[in-house]
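How do the helices of this model pack against one another, and what does a search for enclosed space turn up? The paragraphs below take the helix pairs in turn and then the interior.

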Amino acid sequence: PLETTKYSAPEAIAGGVAAASDWWSLGMILLEQITRGKCFEGVNEQAFLIHVITNGPPLPSDIEPRFSRLLRGLLARDRRERWSWNEVKRWLTGEDVPLPSSATPEELHTPTGPSIELAGQSHYSPRTFALAAADSGSWDEAKDKLLKGAVVTWAEETNVDSRLPGSLRQLRLLENLSDDFRLSLALKILNPLMPLICRGDIVTPGWLLDHLDEGYELITGPAPDFLKRLDTE
């Protein structure tokens with residue numbers, strides 16, 4: 001449930017353990033206290049977790065700048081860059097501590113150029129398309145577009161990253177891979193920051209235990225080697 005996972009760091013949700021995860025949890029607790037819980041109101045659990053893991057939690061613009069800096073340091077997506085006691089101690093003394101690069105919000109993609117439709121919405125960026133496709137309600141439509149080649153064609157037209165079409169073509173050649181996992185890997189290609197998703201759920205150790213046949217297929221098939229080639233943690 002969201003109540004027990006909303007404080008968990010991205011790597012912890014995906015099944016990893018790191019000391020930096022505790023500092024993320026502290027940041028989420030502070031964010032909840034500062035916003036009086038409004039940051040968690042009315043959220044869809046899975047969609048919220050996917051977006052937090054991918055982009056970090058949204059920080060309200062009216063937070064006092066000094067506390068905003070603390071939250072951005074503690075809630076850096078990359079655990080290797082995340083603030084810990086050393087940075088927090090310097091922050092407490094009033095020092096202007098440099099922010100992690102993964103704490104800087106990504107620029108929004110300008111809605112121009114080739115687009116692809118999904119669930120009645122036009123998407124111009126591979127990363128925003130991947131986030132939309134990860135939703136269980138859009139999964140089958142996105143899978144159909146991938147299998148029919150529409151996603152590869154669109155990726156070629158966008159010219160955002162010349163490596164995307166090649167990686168997507170390599171994915172189509174993989175054997176012994178279900179269509180659902182083919183889309184799972186495609187979404188990782190389109191948005192490397194996303195966790196591995198299957199039909200709207202984050203693939204965690206718990207997910208593998210709840211889906212034994214699919215989990216066995218995933219870990220014994222070509223997916224792990226393909227993910228390794230993508231250089232994804």
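In this predicted model, the axes of α5 and helix α6, the latter spanning residues 85-92, cross at roughly 175° and come within 11 Å. Angles over 145 degrees count as roughly antiparallel, and α5 and α6 are therefore roughly antiparallel to each other. On the α5 side the contact involves Arg66, Phe67, Leu70 and Leu74, which meet Val88, Trp91 and Leu92 of α6. By class, the residues of this contact are 6 nonpolar, no polar and 1 charged.

Helix α5 (residues 65-74) also packs on helix α3 (residues 20-35), at an angle of about 145° and with the two axes 8 Å apart. The crossing of α3 and α5 is left-handed. From α3, the residues in contact are Trp23, Trp24, Leu26, Gly27, Leu30, Leu31 and Ile34, and from α5 they are Phe67, Leu70, Leu71 and Leu74. These residues divide into 10 nonpolar, 1 polar and no charged. Phe67, Leu70 and Leu74 of α5 thus appear in the contact with α3 and also in the contact with α6.

Further along the chain, helix α10 (residues 163-172) packs with helix α11 (residues 179-190). Their axes lie 10 Å apart, at an angle of about 165°. The two helices, α10 and α11, are therefore roughly antiparallel to each other, and their crossing is right-handed. Leu164, Ser167, Leu168, Leu171 and Arg172 are the α10 residues in this contact, and they meet Arg182, Leu185, Ala186, Ile189 and Leu190 of α11. The contact of α10 with α11 comprises 7 nonpolar residues, 1 polar and 2 charged.

What remains is the enclosed space. How many cavities of 30 Å³ or more does a search of the whole structure find? The search finds 1, and the volume of the largest cavity is about 30 Å³. Its lining is formed by Met28, Leu31, Cys39, Phe40, Phe48, Pro57 and Pro58. In that lining, 7 residues are nonpolar, with no polar and no charged ones. Leu31 links this part of the model to the helix packing described above: Leu31 lines the largest cavity and is one of the α3 residues in contact with α5.

Terms used: Residues numbered from 1 in each chain as written. Predicted model: local features only at pLDDT ≥ 70, side-chain atom pairs only at ≥ 80, totals over all residues. Heavy atoms only, no water. 1 Å grid on protein atoms, 1.4 Å probe; cavity = no way out; pocket = protein on both sides within 12 Å on 5 of 7 lines; lining within 4 Å. Points joined across faces, edges and corners; volume = space filled by probe spheres on them. Nonpolar A, V, L, I, M, F, W, Y, C, P; charged D, E, K, R; others polar. Axes fitted to C-alpha atoms, helices over the stretch in contact; angles between N-to-C directions. Helix = DSSP H or I, 4+ residues; strand = E, 2+ residues; numbered from the N terminus. Parallel < 35°, antiparallel > 145°, perpendicular 65-115°, else oblique. Left-handed = near helix turned anticlockwise from the far one by under 90°. Contact = heavy atoms within 4.5 Å.
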